[in-house]
Amino acid sequence: MNIKRKINMNKVIVQAIKMAIGGCLSIYIALLLNLEFAMSAGIITMLTIATTKWETLKLSLSRILTFLMSVFILWVIFRYIKSDWIAYGIFILLLVVISEYLGWRSTISINAVIGTHFLTTHDFSFAFIINEGLLVLIGLSFAILLNLFQGTGNQKNRIIDDIRDTETKLQEILEALANYLNSNPMGDDVWTDIIVLENKLETYIERAYEYRNNIFQSHPSYYIHYFEMRMKQCTVLFNLHQEMKKIRNLPSQAAIIAEYVSYLKEHVVEMNDPKEQMERLKQLSEDMKKQELPVTREEFESRAQLYHILMDLEDFLVFKKRFVDSIDKKQLEIYWK
């Protein structure tokens, strides 16, 4: 079993435990209150428990609103249509259409269950509506309560580990590219490392989204933006690798760029503002322009490829600079402490 599948399985097990506990407690409370259709409270809890706090809260709010809407629709339909099965069919039709239009598809199942209660009893008294409302509130309350326990501390620690792993892999890739510019052979390992890192970053971005939806801070998207920035840098490294492979004979200037890449590698860290690296790259580009022009066509093509490499390195730094510039002082205090 690979790591990603193991993590997903652990999430499923935790969520299953929450559903089991929440469902049992909801039914128990509903029975204590002598509510009709008490078992439905457990179903509501199980259907409302989502993977994150924010998803559960949003889902709960939408289910309360659509419950009120459903009661009104049911009252109108059952008042004028005597055939139960036709009335329920029309109710489901309207419920699905309206819920889809509002973007609340996930509320359909609960309200369909509530509809069967009214279909069974034909009771639209205030007492029965309160009975159904309490079933919904009990089910939602336990779902919200259980989803407060998300282990966000562990999630944040895992994300920090993901950041360190990303930086280490980027540094290793840059080192391999610098070695190639120093006339050392470059095999397929670099290509594979870039692809593996891109796949990892997709997982890291998913974790960052999950963490954002489990916290109540004012700047929850920091980690998402960080990993998205690193994903863009991976694309740049992919292009950089392609440019290097096109060079048949490395000119003497390649060693200068290799030295810069080695220098850049040491600054691929989360808290670095790449302003100094951008200035040094600009100076490197200016120095190369002052050197003697290439003589042969092959030298000209190689020199052109080196300039493309410099442009790729600039893009690599620009993505980090934009990320740093988008962070305000408050975010620095929260995430860089």
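Which residues in α11 are buried? In this predicted model, the buried residues of α11 are Gln-277, Leu-281, Leu-284, Ser-285 and Met-288. When the helix is viewed down its axis, these buried residues fall within an arc of 100 degrees, so they line one face of α11. On the other side of the helix, Lys-275, Glu-276, Glu-279, Lys-282 and Lys-289 are exposed. Helix α11 itself runs over residues 275–289, which makes 15 residues, and from its first C-alpha to its last it reaches 22 Å, close to the 21 Å expected at 1.5 Å a residue.

**Two helices packed together**

Two packed helices are described by the angle between their axes and the distance between the axes. For helix α2, which covers residues 39–48, and helix α5, which covers residues 108–121, the angle is about 170 degrees and the axes are 10 Å apart. Because angles over 145 degrees count as roughly antiparallel, α2 is roughly antiparallel to α5. The residues that meet are Ser-40, Ile-43, Ile-44 and Leu-47 on the α2 side, and Ser-109, Ile-110, Val-113 and His-117 on the α5 side. Sorted by class, the contact of α2 with α5 has five nonpolar residues and three polar ones, while no charged residues are found in it.

**Two loop residues with a positive phi**

The helices α2 and α5 also help to place two further residues, since Asn-34 lies in the loop between α1 (3–32) and α2, and His-122 lies in the loop between α5 and α6 (126–146). Asn-34 has a positive phi although it is not a glycine, and His-122 likewise has a positive phi without being a glycine. The table sets out the values for each residue.

| Residue | Phi | Relative accessible area |
|---|---|---|
| Asn-34 | about 60 degrees | 69% |
| His-122 | about 50 degrees | 41% |

With its relative accessible area of 69%, Asn-34 is exposed, whereas His-122, at 41%, is partly exposed.

**A residue in helix α8**

Val-196 is found in helix α8, which covers residues 189–212, and this residue is partly exposed, with a relative accessible area of 41%. Where does Val-196 stand with respect to Lys-169, in sequence and in space? The two residues are 27 residues apart in sequence, and the distance between them in space is 9.5 Å, taken from C-alpha to C-alpha.

Note on methods. Residues numbered from 1 in each chain as written. Predicted model: local features only at pLDDT ≥ 70, side-chain atom pairs only at ≥ 80, totals over all residues. Heavy atoms only, no water. Axes fitted to C-alpha atoms, helices over the stretch in contact; angles between N-to-C directions. Helix = DSSP H or I, 4+ residues; strand = E, 2+ residues; numbered from the N terminus. Parallel < 35°, antiparallel > 145°, perpendicular 65-115°, else oblique. Contact = heavy atoms within 4.5 Å. Nonpolar A, V, L, I, M, F, W, Y, C, P; charged D, E, K, R; others polar. Expected span 1.5 Å × (residues − 1). Buried < 20%, exposed > 50% of the residue type's maximum accessible area, 1.4 Å probe, protein only. Arc of directions from axis to C-beta.
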